[in-house]
Amino acid sequence: MKEDKKVSGGKKVVILGAGLTGLTAAHFLENPQAGAAKTKPFILEKKSCAGGLCRTEKKDGFSFDYTGHLLHFKKTNSFWKTFITDNLKIDLKKHSRKASIHIMNTLIPYPFQYHLAYLPKTEKEKCVRDYLKVYKSAGKTGVADESFRRWAENSFGKRMASLFFIPYNKKLWNFNLNKMSTSWMGRFVPPPDVKMILKGADKKDPSQTAGYNASFYYPRKGGIGRLPAALEAGKNIIFNAVIKEIDFKNKNIFFEGGKMPYDKLISTIPLPELLSYLKGSPVKHLSKKLKWTGVYNMNITVKKNFSKLGHWIYFPHGKVPFYRLGFLSNFSDVPDGFSTIYIESSYRSERKKISSASVMKFLNITDNEIAVTKNLDIPYAYVIYDMERAKTLGEIKEFLITRDIISTGRFGGWKYSTMEEAMQDGFDAAF
Ligand SMILES: Cc1cc2nc3c(=O)[nH]c(=O)nc-3n(C[C@H](O)[C@H](O)[C@H](O)COP(=O)(O)OP(=O)(O)OC[C@H]3O[C@@H](n4cnc5c(N)ncnc54)[C@H](O)[C@@H]3O)c2cc1C
């Protein structure tokens, strides 16, 4: 087994995980900013391919992402947008989001709170009445440091909360919303705007929009997997690596068939997995406190056109087992005449394999219209921000940093974050 070599920079850096975070860290270690030492790290990856969640899988000439993977840049002049187009040479297309919510057997434009005029009159009136009650009494945005359920009711009023915010989030998180904090929301769930709520209740206006994903970018060709594929070229990656133990005192990684010493370890693998390798560490037991959901992602390609249904639809109610349907073909290059649909359902401890029957019924698809199916499992999908998360994470990170272990990325940093943030995390870890 090969061992990591010192390259020109001196420090031996090992990276765990060849997802977007690990690959970006490797890229900037090999191509450092002016003045920094150049290092060629080894990456240990448990799968037989790179890319992590940002992979694009192929089957029978069709492409499938791990559900929707769309690029939302924080700033219009984002460093990462330029990096993807200029350095990775990927042509991105901008799309204006077309999303809706399935409520009361009808499709209401997203965001729900700004399109109440699409509801039956009595429902709309209840939503507005309850919203104005909380708006006048609790202030404009609810109280910040309470449970998600209370935040939803205090911010939108009971009726809107019970029609969309509470059932949808219950379905997505599979967790008691009274025990979930609001600290994950940030730009993902902005507080309501009173003028927009009233305007949207007064008149149907699909152009009323808001949110971090009101527009997004996606590669014109080849799927989102082109990002990791471009970063992977020329990297030292050991695939199918089975890590046995990390001796954090002597800085050695033991894996099946080898041992690898390091000076600095950048871990982008899920935190519970990293902790399981740190035998004898005082923080190993804390992994029991970390909670997350998995996502089961069914994909079907059909010979039918769904361009009118937009980019995705949210399903807050319990009549179907999935929480979202997305139409990959409405923003990516799918062969003419076909549509690819991604179906998402979430689970906690046991994988919930859903049948395609409910989707076929909703979309009126027959068996002989299905060209390809591809099922993908995402065992780590969403980190649950319960009330203990911040304290537990703080204790773990404090220990790791004193041992020259940087745990970063979506599951290394144990957070709700995007691909742009994964690249930023990789960049930060490299310096
Ligand atoms: C359902 C879903 C939808 C999403 N949609 C979007 C979106 O629309 N837009 C967006 O910007 N972001 C989206 N994201 C987030 C995005 O996928 C992540 O932010 C990003 O891909 C994280 O990259 P990462 O490298 O940190 O983690 P990962 O992609 O998880 O990479 C970690 C790597 O570590 C490897 N690994 C795991 N365990 C071990 C081990 N024990 N030993 C060695 N290797 C190991 C894995 O195989 C993987 O290659 C979505 C995420 C999910 C779950």
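**Entry 1: a cis peptide bond**

I began at P111, which sits in the loop between β7 (106–109) and α3 (121–138). The peptide bond from Y110 to P111 is cis, and its omega is near 0°. I noted for the rest of the entries that this is a predicted model.

**Entry 2: positive phi outside glycine**

I then looked up K89 and W414. K89 is not a glycine, yet its phi is positive, about 60°. I found K89 in the loop between α2 (79–87) and β5 (92–96). W414 is also a residue other than glycine with a positive phi, near 55°. The loop that holds W414 runs between α11 and α12.

Is K89 buried or exposed? Its relative accessibility is 63%, so I logged K89 as exposed. For W414 the relative accessible area is 0%, so I logged W414 as buried.

**Entry 3: the ligand site**

I turned to the ligand and listed its surroundings. The shell holds 31 residues, and T21, E45, H69, L70 and E273 are the closest. I sorted the shell by residue class and got 14 nonpolar, twelve polar and five charged residues.

Which polar atoms lie at short range was the next look-up. A side-chain N or O atom of E273 is 2.7 Å from a nitrogen atom of the ligand. An oxygen atom of the ligand lies 2.8 Å from a backbone N or O atom of L53. For K46, a polar backbone atom is 3.1 Å from a nitrogen atom of the ligand. The ligand taken alone exposes 1,000 Å², of which the protein buries 94%.

I also asked which elements give two or more residues to the shell around the ligand. They are α1 (20–30), α8 (271–277), β18 (370–383), α11 (409–412) and α12 (419–430). The largest share comes from α11, with three residues.

Since α1 is on that list, I checked its cover. Eleven of the eleven residues of α1 are buried. Among them are T21, H27 and E30. T21 is also one of the closest residues to the ligand.

**Entry 4: the nonpolar cores**

Nonpolar side chains tend to be buried together in soluble globular proteins. I therefore looked for cores, and the largest nonpolar one has 118 residues. L16, L44, F112, I246 and I253 have the most contacts inside this core. Helix α5 (residues 158–173) gives the largest share of the core, nine residues. I recorded a second, separate core of 19 residues, which includes I300, I313, M360 and I365.

I followed I246 further. Leaving aside neighbours within four places in sequence, I246 is in contact with L16, N252, I253, Y262, L265, L274, Y277, L278 and K279. L16 and I253 are themselves among the core residues with the most contacts.

N252 is on the I246 contact list, and I looked it up next. N252 lies in strand β11 (residues 252–255). At 12% relative accessible area N252 falls under 20%, so I logged N252 as buried. Not counting residues up to four places away in sequence, N252 touches E245, I246, D247, K259, M260, P261 and Y262.

**Entry 5: β16 and the loop after it**

L325 lies in strand β16. Its relative accessibility is 0%, so L325 counts as buried. Neighbours within four places in sequence aside, the contacts of L325 are H311, W312, I313, F315, I341, Y342, I343, V359, F362 and L363. I313 from that list also belongs to the second core. L325 and I341 are 16 residues apart in sequence, and their C-alpha atoms are 6.8 Å apart in space.

S329 is in the loop between β16 (324–327) and β17 (339–347). Its relative accessible area is 17%, and the limit for buried is under 20%, so I logged S329 as buried. Beyond four places in sequence, S329 touches V334, F338, S339 and T340. Its side chain reaches the backbone nitrogen of T340 at 2.9 Å.

As a last look-up I took the pair S329 and K279. They are 50 residues apart in sequence and 46 Å apart in space, C-alpha to C-alpha. K279 appears above as a contact of I246.

Technical notes. Residues numbered from 1 in each chain as written. Predicted model: local features only at pLDDT ≥ 70, side-chain atom pairs only at ≥ 80, totals over all residues. Heavy atoms only, no water. Helix = DSSP H or I, 4+ residues; strand = E, 2+ residues; numbered from the N terminus. Buried < 20%, exposed > 50% of the residue type's maximum accessible area, 1.4 Å probe, protein only. Contact = heavy atoms within 4.5 Å. Core = buried A, V, L, I, M, F, W, Y, C linked by side-chain atoms within 4.5 Å. Near = heavy atom within 4 Å. Polar contact = N/O pair within 3.5 Å; in protein donor to acceptor, adjacent residues only side chain to side chain. Areas by Shrake-Rupley, 256 points an atom, 1.4 Å probe, with all protein chains shown as cover. Nonpolar A, V, L, I, M, F, W, Y, C, P; charged D, E, K, R; others polar.
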